[in-house]
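Take a look at the molecule below and get a feel for how its chain runs. Then we'll walk through its strands and rings together.

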Amino acid sequence: MIDSTSASKERTGFLDITIIGADNTYSTGAMSFSFFDTSGNPIASAVSADFTSTFKTYYGGQTAGSAFQALVSFPVTGSVATIGSVTVTLTNAAGSAATGSLTFQ
């Protein structure tokens, strides 16, 4: 479950994406990031990342409480002015959840 999200290009040279959510399966892992320019056109293909080991360490042997906050940062060389938005898909044992379009602020 995704509770809230934000996308920021305030830090010079980085795109920061924050996701706050919960995973009662304790199995979040794969994430996919699709970037779009300010006109809504895709920028290259989606970027995939597997955070299974990170979430496994975070949740440890936990059996109660499944909230998490994830900050994923992408380093950028050059200007970020033309990067307008991102969509993120998270996958766990129960299926997938998507953020919808997040506009970089």
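In this predicted model, strand β3 (residues 30-37) and strand β6 (residues 83-92) run antiparallel and are joined by 7 bridges. Want a spot to find on screen? S32 has T89 in β6 as its bridge partner. Strand β3 also pairs with strand β4 (residues 47-50), again in the antiparallel sense, over 4 bridges. Here you can look for F33, which stands opposite V47 in β4.

What holds such strands side by side? Strands of a sheet pair through backbone hydrogen bonds, either parallel or antiparallel.

Now for another sheet. It is an open one with 3 strands, in the order β1-β2-β5, and its pairing is antiparallel. At the edges you'll find β1 (2-8) and β5 (67-75), each of which pairs on one side only. On average, neighbouring strands of this sheet are turned by 10 degrees against each other, direction ignored. Strand β2 (residues 14-22) shares 9 bridges with β5, and I20 stands opposite Q69 in β5.

Here are the strand pairs with their bridge counts:

| Strand pair | Sense | Bridges |
|---|---|---|
| β2 and β5 | antiparallel | 9 bridges |
| β3 and β6 | antiparallel | 7 bridges |
| β3 and β4 | antiparallel | 4 bridges |

Let's zoom in on F14, a residue of strand β2. Is F14 buried or exposed? Neither, really: its relative accessible area is 29%, so it counts as partly exposed. Leaving aside neighbours within four places in sequence, F14 is in contact with several residues, including S8, K9 and F74. R11 lies over the face of F14, at 4.1 Å from the ring centre. Y58, on the other hand, sits 44 residues from F14 along the chain, and their C-alpha atoms are separated by 24 Å.

That brings us to the aromatic rings. A pair of them is described by the distance of the centres and the angle of the planes. The model has 7 aromatic pairs. One of them is F55 with F68, an edge-to-face pair at 5.1 Å centre to centre, with 90 degrees between the planes. F55 lies in helix α1 (residues 52-59) and F68 in strand β5, so this pair ties together parts that are 13 residues apart in sequence.

How accessible are these two? F55 counts as buried because its relative accessibility is 7%, and F68 is buried too, at 6%. Both also belong to a cluster in which ring pairs link Y26, F55, Y58, Y59 and F68.

Key
Residues are numbered from 1 along each chain as its sequence is written. This is a predicted model: local features need pLDDT of at least 70, side-chain atom pairs count only at pLDDT 80 or more; totals for chains, interfaces and linings use all residues. Side-chain values use heavy atoms; hydrogens and water are left out. Two strands pair if DSSP finds at least two bridges between them. Helices (H or I, at least four residues) and strands (E, at least two) are DSSP runs, numbered from the N terminus. Axes are lines fitted to C-alpha atoms, for helices over the stretch in contact, and angles run from 0 to 180 degrees between N-to-C directions. Buried means under 20% relative accessible area, exposed over 50%, partly exposed in between (1.4 Å probe, protein chains only). Contact means heavy atoms within 4.5 Å. Rings of Phe, Tyr and Trp (its six-membered ring) pair if their centres lie within 6.5 Å; planes under 30 degrees apart count as stacked, over 60 as edge-to-face and the rest as tilted. A charge sits over a ring if NZ of Lys or CZ of Arg is within 6 Å of the ring centre and within 35 degrees of the ring normal.
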